[in-house]
Amino acid sequence: TRAGAIHAVPFDQDSLRVSGDPIVLVDGVEQQWDNGGSAWAASGTGTLVYLPGGLWTTERAIVRVSRQGVVEPLDVEPGAYVHAAISPDGKRLAVTEFESGRANVRIHDLSRGVDTAVPLDAVNAYPVWSPDGSEILFVTARKGPWDIYRYPIDGSSKPEVFLEGSPDQIPLAWSPDGRFVLWEENYVGVGSMDLQGDRTPTILLPEDSEGVSISLDSRWIAFGTSVSGQQEVLVRSFPDGTRSYQVSIDGGGYPLWSRDGRELLYRRGEAVLAVSIRVVGDELVAERPRELFHGDFVEPERHHWSYDPTTDELIMIRRGEHEISRDRFVVVLDWPAELAGRAE
């Protein structure tokens with residue numbers, strides 16, 4: 001796939017070389033903006049199946065959502081947003097927007113309506129706020145693999161390297177006490193760095209984790225994991241990791257802590273759920289989860305939603321009006337004949 005189309009190119013199996021020019025076999029195939037992946041498969045018996053869409057540029061809206069599911073549009077121009085994070089003081093948004101075939105990070109001042117792009121000529125994405133809101137961490141493909149850079153939002157200095165060298169690293173969370181930074185380590189685990197220690201990167205969670213959130217007292221981390229066979233939300237003591245508790249029931253992921261630390265919100269498909277949590281001594285006690293609301297919001301992937309502690313509301317991305325629904329596949333019969341016709 002390239003630019004939302006499946007291409008075919010002649011290939012010599014003896015020399016293991018491409019022996020001609022590519023041609024388009026099928027257009028309008030969904031393709032992810034960040035890694036180029038798309039959902040399609042072709043069989044040797046002539047059947048091709050794919051998820052329709054394209055390399056999307058739909059206009060999505062960033063909105064505030066109350067705990068009752070009431071939606072309030074933010075004063076932000078619609079765009080192809082793939083991420084939005086509210087600053088700790090609720091005054092700014094850090095967003096990732098896909099435009100003209102690439103992604104970039106910009107800071108939007110909600111009171112003044114002014115946008116400031118991260119001044120780095122590369123593919124940039126997934127910003128994470130520092131606890132005091134003075135800077136962000138973001139991922140960049142400036143050198144090829146995803147590396148983590150840091151940038152002061154007042155523009156007093158240029159973006160600089162925070163962490164690089166591993167195949168891919170994507171920032172996930174910065175602890176409220178400012179001590180720890182967590183990141184996704186090559187898509188198969190979560191790395192951690194103690195900024196008050198020797199700053200040696202370590203592996204905090206060896207398993208793939210769907211979203212990570214650190215409690216306000218920086219004593220617990222919540223994350224989604226499918227180690228048990230179904231993705232569930234777990235809470236683990238931090239940073240020692242000696243105690244672990246499952247808080248979701250029947251699936252869940254991408255948790256966020258509430259502003260008082262007594263509740264954990266998480267996603268399950270289009271539903272937003274909440275579970276009350278209390279700490280007794282060194283142990284964590286979770287109540288039965290309850291559903292807050294359903295909504296036509298972008299399904300989470302790392303940072304598709306965030307929590308505004310100043311208003312007790314969620315910042316979410318609403319699907320575009322003409323965004324392709326992921327509820328059907330297209331089946332093509334006898335794709336070799338189709339290819340032959342296009343080749344002629």
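F180 is buried, and F238 is buried as well; buried here means under 20% relative accessible area, exposed over 50%, and partly exposed in between, with a 1.4 Å probe and protein chains only. The model is predicted, so local features need pLDDT of at least 70 and side-chain atom pairs count only at pLDDT 80 or more, while totals for chains, interfaces and linings use all residues. Residues are numbered from 1 along each chain as its sequence is written, and side-chain values use heavy atoms, with hydrogens and water left out.

**Aromatic rings**

A search of the whole structure yields four aromatic pairs. Rings of Phe, Tyr and Trp (its six-membered ring) pair if their centres lie within 6.5 Å; planes under 30 degrees apart count as stacked, over 60 as edge-to-face and the rest as tilted. F180 and F238 form one edge-to-face pair, with 5.0 Å from centre to centre and 70 degrees between the planes. This pair links distant parts of the chain, 58 residues apart: F180 belongs to strand β18 (residues 180–185), whereas F238 lies in the loop between β23 (232–237) and β24 (244–246). Strands (E, at least two residues) are DSSP runs, numbered from the N terminus.

F293 and F297 form an edge-to-face pair too, at 6.3 Å centre to centre and 75 degrees between the planes. F293 and F297 are both buried. Another ring, that of W305, has R267 over its face, at 5.1 Å from the ring centre; a charge sits over a ring if NZ of Lys or CZ of Arg is within 6 Å of the ring centre and within 35 degrees of the ring normal.

**Two open sheets**

Strands of a sheet pair through backbone hydrogen bonds, either parallel or antiparallel. Two strands count as paired if DSSP finds at least two bridges between them. Two open sheets of four strands are set out below.

| Strand order | Pairing | Average turn between neighbouring strands, direction ignored |
|---|---|---|
| β17-β18-β19-β20 | antiparallel | 40 degrees |
| β13-β14-β15-β16 | antiparallel | 35 degrees |

The turns are angles between axes, which are lines fitted to C-alpha atoms. In one sheet, β17 (169–174) and β20 (202–205) stand at the edges with a single partner strand each, so one side of each has no neighbour in the sheet. Five bridges join β18 to the antiparallel strand β19 (residues 190–194), where M193 stands opposite V181.

In the other sheet, the edges are β13 (124–129) and β16 (160–163), each with a single partner strand. Three bridges connect strand β15 (residues 147–152) with β16, and these run antiparallel. R150 stands opposite E160 in β16.

**Nonpolar cores**

A nonpolar core is a set of buried Ala, Val, Leu, Ile, Met, Phe, Trp, Tyr and Cys residues joined through side-chain atoms within 4.5 Å. The largest has 14 residues, of which V235, V247, W257, L264, I277 and L284 touch the most other members. At least two residues of this core come from each of β22 (220–225), β23, β26 (263–268) and β27 (271–280). The largest share, four residues, is supplied by β27.

Contact means heavy atoms within 4.5 Å. Leaving aside neighbours within four places in sequence, L264 is in contact with residues including V235, V247, W257 and I277. A second, separate core of 13 residues includes L256, F297, Y307 and M316.

L234 lies in strand β23 and counts as buried at 16% relative accessibility. Not counting residues up to four places away in sequence, L234 touches I221, A222, F223, T225, S244, Y245 and Q246.

Methods
Axes are lines fitted to C-alpha atoms, for helices over the stretch in contact, and angles run from 0 to 180 degrees between N-to-C directions.
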